Amino acid sequence: MPEAKKPEAKPEEIAAKTDKAAAAPADTELPDDETVPGGQSELTGLFVERPESTTVIKGKNVTFVAKVDSSDLLRKPNMKWLKGKWLDLGSKAGKHVQFKETYDRNSKVYTYEMSIIKVVEGDAGGYRCEATSKDKCDSCTFEASSGTSVYFPWITYIRDAIMRCHMCGSLCECKKSSVGDAGEDAGDLDFSALLKKREKKARDEPKEEVDVWEILKDAKPCDYEKIAFDYGITDLRGLLKRLKKMKKVEPKKSDAFLKKLEQCYSVDKGKRTQMHVELHDPNVQVKWLKNGVEIKPSAKYVFECVGNKRTLTINKSNLSDDAAYECVVGEEKSFTEVFVKEPPVTITKLLDDVHVVVGEKVEFECEVSEEGANVKWMKDGVELTKDGKYRIKKDGKKHTLVINEATIEDIGMYYVYTNGGESKGELEVEAKELEVLQSIADLSVKACEQAMFKCEVSDEKVVGKWFKDGVEVKPGNRIKMSHIGRIHKLTIDDVKPQDEGNYTFVPEGYALSLSAKLNFIEIKIEYVPRQDPPKIHLDTSSTGSKNTIVVVAGNKLRLDVEITGEPVPTVCWMKGDTVISEAEGRVRVETRTTLSSFVIEGAERPDEGQYSIIVTNPAGEDRAELNVKIVDVPNPPENVRCMGVGEDTATITWDPPKFDGGAPIKGYLMERKKQGSSRWTKLNFEVFESTTYEAKKMIEGVFYEMRVFAVNGIGISQPSGNSKPFMPIAPTSEPTRLTVEDVTDSTCALKWRPPERVGAGGVDGYIIEWCKEGANKEPVDKNTYRVKGLPTGEKLLFRVVAMNIAGRSPPCTMKQSVIIREIMENPKIRLPRQLRTKFIRKVGEKINLVIPFQGKPRPVVNWLKDGEPLENKSVGIRTSDFDTILFIRSAERDHSGTYTLSVQIDNMQDKADIHIQIVDKPGPPINVMVTDVWGFNAALEWKPPKDTGNTDIIGYTIQKADKKTQGWFTVYEHNRRPSCTASDLVMGNEYSFRVFSENICGLSDEVAFSKNTAIIGKTGNTLQYYTILYPPKDMSSSPKFTAPLVDRVVVAGYSTAISCAVRAYPKAKIVWMKNKMIIGEDPKFLMQNNQGVLTLNIRKPGQFDGGKYSCKAINDLGEDEVECRLEVRGFSPQKGLLQKFSLTGM
């Protein structure tokens, strides 16, 4: 082979030169000293980072990254990913090949990523990416090789080049090449030559190009292999296929079309598209079909015909226009397809940041531009799906991500993506503090008694563990643990000495513990003969105030008071003068030998007051006083109201709560919401001390409601009642162009334009004022107003103020004063131009003449007809201050005449004449006679009609008829003279004539016939003929189908039709049936009968439209029936094949 003398090249050199060849056209051969246009040697260096070649493993994912610097570019660069030389991977985007694009605003660098999901063997090979921007471009190549084979990048380039040459049919331009000659398409290389060592030889001189295919076309088949060997063609199978295609006879040119439709058309949704064809015959009619159904002209489908060019225009394309179209001319058709592309979905309402407390519900909400669009929710690069934690809701254009219970782990940035944009929102979760409502208390119990530790926390969902001396307590027969609501209990039955120790309750998730001690009391009997006076050991030092106990409302108060004395003293608890008995209840006293406990379950405000404990025994008495103070959250604030609004602000004030809960008010929290919404927005997180607050950043024209919470040392109150809805809004600007329209002795008519800035509140009306006092108290809706009751002769100034919900606008004041005095104006009629000449109308038409006039004061209007007062009741007159109207509902010829309009003020008058002519069709001509006959001609004369229709006769229409056929044919039209000559009459026939009169209304309804006839005599011998009468043939026949129905298999979703032909006389009644059931007026089916050809059109058949169809023809002589089976097959995306849907006959 010639390549055997070429030197060997390293694989790296081959790959580099193959990259250059990949950027050049396949059919171009360049000398070695030239660079390839668009190759890397001439590129502008747009890439900051290029994709790197890698070894991929089958079934794994691989990602290639390229970065482009756009700091010197005027517009965004365009990136293309290609496999081999021509295969654009952008059209293959989907689940297997995915693309991603990001932009860094700081560095102005675009990052492009191409990911191949689950690599298969066919993905191995050479790839190329191109970045272009106006006049700048850059490209680079990289390799993806299979991990199960040896990696030779240059072999992959050679294989891809050969496959491209084979697919594109370019083997004819392949030439002998070597490894060092990689400037040409690498598909021309001989593999055996690449694997041998060669010495580098001098560059050959460029040879004259030879068309190999011309040589092969003229060569014998036995010489194909030798010619392929000489010119370096290695794919003999592709060579033979190419030769076979070249020898095929060229397709016959179309007889109807000069230019057919393009193969396909692409259009964006909502845009317009046009399809053109050019025809040989400019007069031929064309039909346009969509999915086999003829298209009718409409506002959406517009047909155009210019010369031999036919155009179909589709306006406002939508997804239903994505279909197959045909242009039919006679028996020939031209096919095409229209692809409708949907616009990218954009985010119209962005995500907001959310701040919540642990356990609260979180909602991220956004709105997109299209209903039903798909969006993707992500957090930290992980897509969020519906599970127990996250819920995703769709409501039209609104999309919501819901987190049922927020935790600290949910803190972060959340993203929502569409194919046309993205948005992000940050979630901040604040830890909830656990509040101890009741701590556990030390217990002292005797043997065999029950010990119960009890505590209460603020959160019902908190769980915890019990410990004794640092060791977790396990439940058993004697030890029981319970958790009911906010209360946790540890109960120990039959207490033993070993149960003594320190007990601790630890809530899970909180750095908090509650401890108490269990003391085991041993029973000792001592006989003391002496007596001790009673003593109360009351310690309230921990409460901060001597003998004062503060209790939070709803909590439990248990005050254990140790008592000593011998013998055992008697204990009495009192509130004021009321004794508290030792009974079961919410407020009770529990007394033991040396301990008395005062218990209040769920403290309430009435429990507040002065309490006393009295202990007595024979040795004496002791008494102690203590004060119980109940504190609670405050009552809600009252009378929340809006005191004023601005363009986007509102001033809110409220009254402090009547009860502060026993603790001073620290401040207030405010919330607002839109009217009709259920979502409240916090306005402050730190307490606000004043009772007046200015809310900002509101939307003008939207109604809002406010509510307020009071805060004290105990907690937050219930919300106040909602304020009345208020709208942030600003007054309008002043009205403009205030002018005087009319002035009389006591009134003045003003006119102005609306304010330039109206705002969301609109304009409720206007207030007109003049310098002495207000002219009107109620707002005026219109932009004109006549102020009445003004003093005559005074000079007055006027101003106008616009009113809306926000109040008065700045006034618009006239710069000059107005003198209140009537302005005289002479009467004048402004006759319209069309009434200055004769006004002609046909009988029965409407007449409505509007004639404006002017004059001050208002002139007197008078109408005359032909100089006499107008008394015809069918003629109506209406007159206003500025015009007069003459109207006739149905014109008659009697209405013709001269109408005179006069307007008069005192002795001043103006007149105008209006000439009205009502016309009708004329009567027939008079005395039509055939005056002369000669040769094949006849002369006619007549007189004009008596009734001309109140207008001039513009011509006559003459028709002739021979006595045999009695058919009338027009001889002349628009004949102006009352005479004519009829020529080209047939010899031997006798003719009669008729004449119509014609005026501007048309031909006369009646016709005048000629009183005599014109006989065209025969010359020479006359022929006689005899008529043979034959009996009429009986054409009656029973129905018989001449063409049966044929079984069909159709694809679901594409309209189809089944046809047959029938012959019958009299005409047969046709009945279509499906599975022996008659098809009624179902819009899915269209039944047609065209001269015996019967067609049943089925619109977009589905899986239930398959079955047995039959057609029955019935008349008085009999009936006939044919049937067929229709199978509907649909495409299954899961299996990738057509599934069969058919219904068996019943």
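**Note on charged and polar contacts**

1. In this predicted model, a network of salt bridges links Lys556, Arg558, Asp560, Arg588, Glu590 and Glu601. Within this group, the side chains of Arg558 and Asp560 meet at 3.4 Å, N to O. Arg558 counts as partly exposed, because its relative accessibility is 33%. Asp560 is likewise partly exposed, with a relative accessible area of 32%.

2. The count of salt bridges comes to 36. One of them joins Glu405 to Lys461, with the closest N and O atoms 3.3 Å apart. This pair links distant parts of the chain, 56 residues apart: Glu405 lies in the loop between strands E25 and E26, and Lys461 in the loop between strands E30 and E31. Glu405 is partly exposed at 46% relative accessible area, whereas Lys461 is exposed at 65%.

3. A further salt bridge is formed by Arg707 and Glu671, whose closest N and O atoms are 2.8 Å apart. Arg707 belongs to strand E51 and Glu671 to strand E48, so the pair ties together parts 36 residues apart in sequence. Both residues, Arg707 and Glu671, are buried.

4. A polar contact should also be noted: the side chains of Thr311 and His276 are joined at 3.0 Å. Thr311 is located in strand E16, residues 309-314. Thr311 is buried, because its relative accessible area of 6% falls under 20%.

5. At the surface, Glu342, Glu370, Glu371 and Asp395 form a negative patch. Of these residues, Glu342 is placed in the loop between strand E18 (332-341) and strand E19 (347-349). Its relative accessibility is 52%, so Glu342 counts as exposed.

How values were computed: Residues are numbered from 1 along each chain as its sequence is written. This is a predicted model: local features need pLDDT of at least 70, side-chain atom pairs count only at pLDDT 80 or more; totals for chains, interfaces and linings use all residues. Side-chain values use heavy atoms; hydrogens and water are left out. Patches are made of residues with over 30% relative accessible area and no salt bridge: like charges are joined within 9 Å, nonpolar side chains (Val, Leu, Ile, Met, Phe, Trp, Tyr) within 5 Å. Accessible areas come from the Shrake-Rupley method with a 1.4 Å probe; for residues, only the protein chains shown count as cover. A salt bridge is a side-chain nitrogen of Lys or Arg within 4 Å of a carboxyl oxygen of Asp or Glu. Lys and Arg count as positive and Asp and Glu as negative; His and the chain ends are not counted. The place of a charge is taken as NZ of Lys, CZ of Arg, CG of Asp or CD of Glu. Helices (H or I, at least four residues) and strands (E, at least two) are DSSP runs, numbered from the N terminus. Buried means under 20% relative accessible area, exposed over 50%, partly exposed in between (1.4 Å probe, protein chains only). A polar contact is a pair of N or O atoms within 3.5 Å; within protein, one must be able to donate a hydrogen and the other to accept it, and residues adjacent in sequence count only if both atoms are side-chain atoms.
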